[in-house]
Amino acid sequence: MTVIEGVVEHGDARGRTLGFPTANLALPGGVAEDGVWAAQVRIDSGERVLAAVSVGRRRTFYADEGHRLLEAHLLDVDGDLYGRTMRVELGTRLRGQQSFPSVHALTEQLHRDVEATRAWAAAHCPWLLTAPVPRTSERALV
């Protein structure tokens, strides 16, 4: 299992505008294979949550020009994590990184990624599954 730990950084807030806010971590070179992962995340408070995680360069928006980073969409979590330490345990690689022809196509795939993450958790760590909590804050995550 690959583990990445770091402090949540400010991003360009694109995930939030797409309805998939993310907590962003700088990614040391060669730590994890690029792609979308189902993962467990431990926040510095000790809370464990389920996350759909992207590792890569955000090819739809930056092609191969973007810097590599880890973007974790924490499922059923609402809160501001800037400056907090997070430990991400990558569970299984769901798919490779890819470019999408439109934002709509990307968000449709993100919905499928979240469902695949929940299915992985049901089989491997069901204690992470909780009833969905509506996101009430525009500042939900990062």
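The side chains of Ser-54 and Gln-97 make a polar contact, at 3.0 Å. This is a predicted model, so treat every distance here as computed from its atoms. Let's start with these two residues and work outwards.

## Ser-54 and Gln-97

Ser-54 is found in strand S4, while Gln-97 lies in the loop between S6 and helix H3 (103–124). Are they buried or exposed? Ser-54 has a relative accessible area of 18%, and because buried means under 20%, Ser-54 counts as buried. Gln-97 also has 18% relative accessibility, so Gln-97 is buried as well.

What else does the side chain of Gln-97 reach? One of its polar atoms lies 3.3 Å from the backbone oxygen of Gly-35. A polar atom of that side chain is also 3.3 Å from the backbone oxygen of Val-55. Here are the polar neighbours of Gln-97 side by side:

| Partner of the Gln-97 side chain | Part of the partner | Distance |
|---|---|---|
| Ser-54 | side chain | 3.0 Å |
| Gly-35 | backbone oxygen | 3.3 Å |
| Val-55 | backbone oxygen | 3.3 Å |

Ser-54 has other company too. If you set aside its neighbours within four places in sequence, Ser-54 is in contact with Gly-35, Val-36, Leu-69, Leu-70, Glu-71 and Gln-97. Then there is Ala-72, which sits 18 residues from Ser-54 in sequence but 6.4 Å away in space, going from C-alpha to C-alpha.

## The sheet around S4

Now look at the strand that holds Ser-54. S4 is mostly covered, with 8 of its 9 residues buried. Which strands does S4 pair with? S3 and S4 pair in the antiparallel sense over 8 bridges, and one matched pair there puts Gln-40 opposite Leu-50 of S4. S4 and S5 are antiparallel as well, with 6 bridges between them; Ala-52 has His-73 in S5 as its bridge partner.

S3 and S4 form a hairpin, with 4 residues between the two strands. In that turn, Gly-46 has a positive phi of about 100°.

Go to S3 and you find another partner: 8 bridges join S3 to S6, and the two run antiparallel. Here Ile-43 has Met-86 in S6 as its bridge partner.

Put the pairings together and you get an open sheet of 6 strands, in the order S1-S6-S3-S4-S5-S2, with antiparallel pairing. Which strands sit at the edges? They are strand S1 (2–7) and S2, each of which pairs on one side only. The twist from one strand to the next averages 35°.

## A loop residue with a positive phi

Asp-76 is worth a stop. Its place is in the loop between S5 and S6, and its phi is near 65°, a positive value in a residue other than glycine. Most residues other than glycine have a negative phi. Asp-76 is also buried, with a relative accessible area of 18%.

## Two cores

In soluble globular proteins, nonpolar side chains tend to be buried together. In this model, the largest nonpolar core has 22 residues. Those with the most contacts inside it are Val-41, Val-53, Leu-70, Leu-74, Met-86, Val-88 and Leu-90. Which elements give two or more residues to this core? They are strand S2 (23–26), strand S3 (35–43), strand S4 (48–56), strand S5 (69–74) and strand S6 (85–95). Apart from that core lies another one, of 15 residues, and among them are Phe-20, Leu-50, Val-114 and Cys-125.

## Helix H3

H3 has 22 residues. From its first C-alpha to its last, H3 reaches 31 Å, close to the 32 Å expected at 1.5 Å a residue. The buried residues of H3 include Leu-106, Leu-110, Val-114, Thr-117, Trp-120 and Ala-121. Val-114 came up just above, as a member of the 15-residue core.

## The whole protein

Finally, step back. How many helices and strands are there? The protein has 3 helices and 6 strands, and from the N terminus on they run β-α-β-β-β-α-β-β-α. Of the 142 residues, 46% count as buried. Among contacts between residues at least 6 apart in sequence, 71% join residues at least 24 apart.

Methods:
Residues numbered from 1 in each chain as written. Predicted model: local features only at pLDDT ≥ 70, side-chain atom pairs only at ≥ 80, totals over all residues. Heavy atoms only, no water. Core = buried A, V, L, I, M, F, W, Y, C linked by side-chain atoms within 4.5 Å. Buried < 20%, exposed > 50% of the residue type's maximum accessible area, 1.4 Å probe, protein only. Pairing = 2+ DSSP bridges. Axes fitted to C-alpha atoms, helices over the stretch in contact; angles between N-to-C directions. Polar contact = N/O pair within 3.5 Å; in protein donor to acceptor, adjacent residues only side chain to side chain. Expected span 1.5 Å × (residues − 1). Contact = heavy atoms within 4.5 Å.
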